[in-house]
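Work through the three exercises below with the coordinates open. Each task is followed by its solution.

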Amino acid sequence: MTADDKSNRVVLKRLISYAKPYGMYLAGAVISAMISVLLSLLLPVFLGKAVDFIVEPGKVDYDGLIRTIIYMALFICGSSVFQWTMSYCTNKITFYTVKDLRNSVFEKLNIVPLEVIDKTPHGNIINTMVNDIDTVSDGLLQGFTQLFSGIMTIIGTIGLMLSINPGMGFAVILLTPLSLFVASFISRRTYRKFTEQTEIKGEMGGLIEELLGNQKLIKTFSYEDRALERFMEVNERLHECGVMAQFYSSLTNPCTRFVNNMVYAAVGILGAISAIRGRLSVGQLTSFLSYANQYTKPFNEITGVITEFQSALASAKRVFDLIDLEPESSDEHLPADILADGRVRLENVYFSYDKNTPLIEDLNLDVKPGSRIAIVGPTGSGKTTVINLLMRFYDIDKGKIEVSGVDINKMQRRTLRSMYGMVLQDTWLFEGTVRDNIAYGKEDATEEEIINAAKASYAHSFIKRLPNGYDTVITKEGANLSQGQRQLLSIARVMLIKPPMLILDEATSNIDTRTEIHIQKAFARLMEGRTSFIVAHRLSTIKEADLILVMNQGRIIEQGTHEELLKKKGFYHKLYYSQFNNTQV
Amino acid sequence: MFKLARYLKYFKKEVIIGPFFKLLEAIFELIVPLVMASIIDNGIKNKDTAYVLQKGGIILLLGFMGLIFALICQYCAARASQGFGTMVRNDLYAHINSLSHAELDLLGTDTLITVLTNDINQMQLAVAMLIRLVVRAPFLIIGAIVMSMILDLKLSVIFLIVAPLVSGVLYLIMEKSVPYYRVRQKMLDKVSLITRENLSGARVIRAFSKQEHEVERFEKANDDVADIAINVGKISAFLNPATFAILNIAILVILWFGGIRVDEGSLTQGEVIAFTNYMTQISLALVVVANLVVIFTKAAASASRINKVFEMMPSLKEKEKVMTDMHTDDHKDNGDTDKPFISLDDVFFAYPGTDKYALEDISFDINKGEVIGIIGGTGSGKSTLINLLPRFYDASKGTVRINGIPVQDYPINRLRGMFGIVPQKAVLFSGSIADNLRYYKEDATIEEIKRALEIAQARDFVERLPQGHDTLINQGGRNLSGGQRQRITIARALVRNPEILILDDSFSALDYVTDANLRQALRENCKDTTVIIVSQRANTIKNADKIIVLDDGKIAGIGKHDELYKSCQVYREICDSQIS
């Protein structure tokens with residue numbers, strides 16, 4: 001618990017440091033809250049005075065009454081204005097802080113090692129980015145002012161009551177623990193039921209996700225009746241628990257209202273008796289009654305704020321976990337002006353994703369300018385890993401990778417990456433026009449360059465047929481295009497920047513024959529005279545390669561040309577003949 | 001919204017008792033200021049301590065009774081609303097289960113999940129509020145006005161002005177700010193879209209060194225969110241101060257005119273205090289009403305989404321006179337073996353809501369025990385074709401027959417009972433591996449399970465797992481590799497020992513050795529089973545008894561590998577391009 005408290009305090013401190021640039025607004029909010037609470041608390045005092053000016057027929061002091069009313073009017077206006085400035089200032093701090101938090105998270109996402117992004121479920125990151133940060137803004141920042149004005153109200157009320165009549169003030173204060181006791185009793189009960197309900201709700205949500213997410217599958221099993229049974233069983237448990245959870249949680253209002261009533265009655269009785277004894281005026285009694293009427297309200301609010309606070313802290317912790325991710329090592333001091341000459345050398349390279357399972361061991365490769373390297377192997381054999389290392393998406397554990405004779409760890413990442421044009425099988429497009437997507441690597445490209453790149457990659461003809469041609473907006477990462485079309489666009493994107501070297505991942509399937517032919521031609525044109533690494537699935541690509549790397553279980557087990565490897569009668573031979581009859585070859 | 005109100009009739013008691021007691025509580029609450037006024041006017045003026053104590057006791061009693069009444073009401077509300085939600089959820093889920101693939105396509109999984117969770121919760125909340133507040137809040141408003149009229153008709157004019165004024169302000173602020181919230185949500189969606197794009201495109205973005213550009217793009221979207229939030233904040237910040245000001249100024253007016261009335265002798269000092277109390281009650285109640293309006297507007301939208309699902313009727317129906325006593329074996333006994341087991345006759349199919357045929361003019365026959373390969377590119381109609389066999393969709397034109405009988409003449413469960421289907425996506429359910437294998441056959445024995453795992457080449461790895469087939473599946477099977485998941489889904493279909501086994505591109509995650517062993521095991525162990533293998537890999541279906549080549553929804557060729565390789569260009573192209 002203490003460790004928890006401590007880390008909560010750390011989180012809170014960091015959060016405040018994010019709000020610091022907006023300290024002016026924070027000060028504004030606090031001062032506004034103080035003034036507005038104070039002014040509104042003074043109202044009952046003056047209400048009491050006003051009532052004392054209206055005693056009975058013939059005993060109405062109009063001069064006194066109008067004076068009091070004017071004072072009250074001023075207080076009301078003042079309090080309203082400061083209530084508004086308080087909300088205004090809180091809004092500003094909240095939304096600016098939230099904006100800065102989101103920006104920090106996003107910036108961090110762009111400089112963390114790729115490993116982090118590969119390993120963390122994307123849904124979690126997006127959830128933190130959107131929902132957790134919203135919770136922080138609702139709970140912590142908005143809650144802060146509520147808490148502050150709540151405490152101000154309680155202190156102010158007690159102070160004013162004591163100053164009007166210490167005896168009765170004490171009586172009200174004595175009743176305070178009662179209201180706290182009731183609130184904590186209910187909230188403990190509610191909390192237990194709520195936890196139970198949250199658990200069942202989670203179970204229900206999981207079940208719904210699983211059943212409805214696979215509804216068609218359910219139908220293939222004719223599983224509908226059993227699914228309904230399972231659903232009804234969980235639903236029934238949710239029902240039982242839900243009734244009690246809802247009942248307990250709805251107790252708060254009536255119970256605090258009751259406590260309030262007791263305070264009200266006590267003030268009424270004690271006040272009236274004091275008045276009879278002449279120690280209190282009717283007006284002062286009225287002031288007391290107004291205070292008593294609203295005395296428990298801030299207590300309720302503070303209890304509510306505290307629960308919100310807790311969940312906001314939990315969210316903030318998740319946000320800071322992202323912000324605290326270790327970034328890639330800095331490379332700003334490294335040289336950036338290295339030109340690619342097409343030479344790539346791998347020397348005794350070792351790499352593994354997980355230290356316990358070695359993957360690439362002692363990999364050596366000497367690539368001459370302009371040659372084509374085909375990487376083949378069964379699914380999951382580690383072909384993508386090689387790409388990850390060449391592009392320095394992952395750092396090697398041991399050994400050396402050189403480009404143009406320079407160690408890739410001794411140049412800026414952007415320099416290395418700009419040497420390669422990369423087309424992956426998992427094509428990536430963003431929400432924007434076709435034109436923007438092609439020009440992604442060269443923002444200042446002219447219309448002519450873009451169209452030429454599209455033509456060279458055989459994408460021009462289908463782009464023209466799109467509803468708005470080059471201005472067609474690509475939705476949801478390319479959902480309105482076929483996979484083949486998406487790949488043609490990624491090829492056009494690389495075609496536009498004319499990189500000195502290439503990394504290509506051939507699509508295995510899912511592409512209609514005609515588009516496939518276009519993609520092959522586009523690839524071929526792209527590769528002319530360039531050092532290229534191709535994750536290859538097509539026979540023609542493999543046959544034309546200068547060097548074939550055969551991978552299995554993360555290792556390069558054979559390398560050579562097509563003929564050499566066939567003669568070896570090893571893994572490649574088996575792979576090749578398992579796929580094709582003699583008649584076909 | 002009213003259509004769903006029929007569920008409330010099961011909670012008649014709660015719906016009547018709840019608001020009734022709430023009403024009593026509200027009445028008591030309205031009496032309190034009157035009692036207090038009499039304490040001031042009679043007790044203090046006459047210096048009658050006993051009177052004060054007596055009336056004070058009444059206030060306490062009223063408060064206590066009010067508490068009891070409120071508890072009864074809250075309990076009714078909890079029972080009725082939770083019961084309502086539970087019933088609607090059960091019925092809605094049962095209804096979704098009755099829908100066929102065509103309706104599921106139209107509605108979409110995401111919508112169904114939202115409707116079944118959020119929308120029903122929203123309705124549940126509305127029911128609770130209906131019982132708890134719908135009677136109370138308006139009653140308090142009207143009651144306070146009536147009470148003030150009884151006290152002093154002339155002075156009560158103030159209430160008649162203030163109530164509409166506060167409502168007007170509430171309405172105005174809400175009307176101005178609510179559309180902004182919708183815009184803000186859209187902007188926030190943009191922020192999450194850019195985040196998602198950056199996560200899925202991390203490699204491409206880094207390859208092009210576009211990180212700074214992406215940060216700029218994000219910051220712009222993020223600025224928009226902050227701007228709109230601050231704008232809407234400025235408007236809604238008026239809500240509290242405005243109602244506060246109106247209420248208190250009204251109290252000032254009461255004080256002034258109340259003073260005059262007291263001077264005239266038509267009102268007492270205590271009654272003026274009662275008036276100010278009623279004013280506070282009204283303004284609190286009005287805020288509640290404003291919230292109720294929001295809750296019920298949301299609930300109405302939810303109700304219409306729920307009703308939309310309820311109104312969707314399953315398009316596939318069993319015929320009234322289905323052949324319930326049919327046995328496929330009968331036909332064998334009758335010497336019907338010359339009839340093809342499965343036959344498609346000039347079948348055309350278009351997905352509901354489209355007019356382009358996904359399948360055109362498909363005719364072929366399959367004999368019992370044959371191994372059939374279906375090959376073709378994406379969008380060529382392979383999966384669509386196999387969906388017609390267990391009647392997940394009905395053909396738009398033409399007939400699908402099994403055992404010579406149109407599929408529409410079978411009882412649906414009987415028909416689907418003949419199939420074992422392994423879908424493209426290897427989906428496993430939560431529970432143990434054995435639980436998963438029992439999806440097709442609830443009462444499968446351990447022996448049956450072991451045999452299925454054996455054929456599916458999964459026995460070895462399952463037995464090596466710490467808890468064997470009792471190993472729990474995490475998060476849809478994260479603890480298993482893609483190939484392992486795929487083999488378990490194959491075993492799942494085999495447990496039933498189906499007459500027809502459909503493998504819809506189910507070997508994609510298997511390495512070629514496992515792929516070959518699995519096909520070998522199927523050949524040896526499932527001789528009577530008709531096996532339909534859909535694949536993108538020529539190698540997987542090369543040895544099939546019959547290969548059906550699909551191209552753009554049409555049959556491009558049917559035959560054995562060698563014939564097709566010679567005669568069918570599409571098939572040859574597929575074969576020639578592949579090695580992986």
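**Exercise 1. The chain contact**

Task: Find how many residues each chain gives to the contact, then describe the side of chain B.

Solution: The model is predicted. Start with the totals: chain B gives 121 residues and chain A gives 118 residues. Next, sort the chain B side by element. Helix α2 (residues 49–98) of chain B supplies the largest share, 25 residues. Last, sort that side of chain B by residue class: 60 are nonpolar, 42 polar and 19 charged.

**Exercise 2. The sheet in chain A**

Task: Give the strand order of the four-stranded open sheet in chain A and identify its edges.

Solution: The order reads β2-β1-β4-β5, with antiparallel pairing. Now count partners. In chain A, β2 (360–367) and β5 (406–407) each have a single partner strand, so they are the edges, and one side of each lacks a neighbour in the sheet. Then take the pair β1 and β4. Strand β1 (residues 344–351) of chain A runs antiparallel to strand β4 (residues 398–403) of chain A, and five bridges join them. To place a bridge, start from Tyr350(A): its partner in β4(A) is Lys398(A).

**Exercise 3. A helix pair**

Task: Classify the crossing of α9(A) and α10(A), and list the residues that meet.

Solution: Helix α9 (residues 252–276) and helix α10 (residues 282–294) of chain A have axes that come within 9 Å and cross at roughly 170 degrees. The helices are therefore roughly antiparallel. From α9(A), the contact takes Val263(A), Tyr264(A), Val267(A), Gly268(A), Gly271(A), Ala272(A) and Ala275(A). They meet Val282(A), Leu285(A), Phe288(A), Leu289(A), Ala292(A) and Asn293(A) of α10(A). By class, the contact of α9(A) with α10(A) has ten nonpolar residues, three polar and no charged.

Technical notes: Residues are numbered from 1 along each chain as its sequence is written. Chains are lettered from A and ligands numbered from 1 in the order in which they are written. This is a predicted model: local features need pLDDT of at least 70, side-chain atom pairs count only at pLDDT 80 or more; totals for chains, interfaces and linings use all residues. Two residues are in contact if their C-beta atoms, placed from the backbone, lie within 7 Å. Helices (H or I, at least four residues) and strands (E, at least two) are DSSP runs, numbered from the N terminus. Ala, Val, Leu, Ile, Met, Phe, Trp, Tyr, Cys and Pro count as nonpolar, Asp, Glu, Lys and Arg as charged, and the others, Gly among them, as polar. Two strands pair if DSSP finds at least two bridges between them. Axes are lines fitted to C-alpha atoms, for helices over the stretch in contact, and angles run from 0 to 180 degrees between N-to-C directions. Angles under 35 degrees count as roughly parallel, over 145 as roughly antiparallel, 65 to 115 as roughly perpendicular and the rest as oblique.
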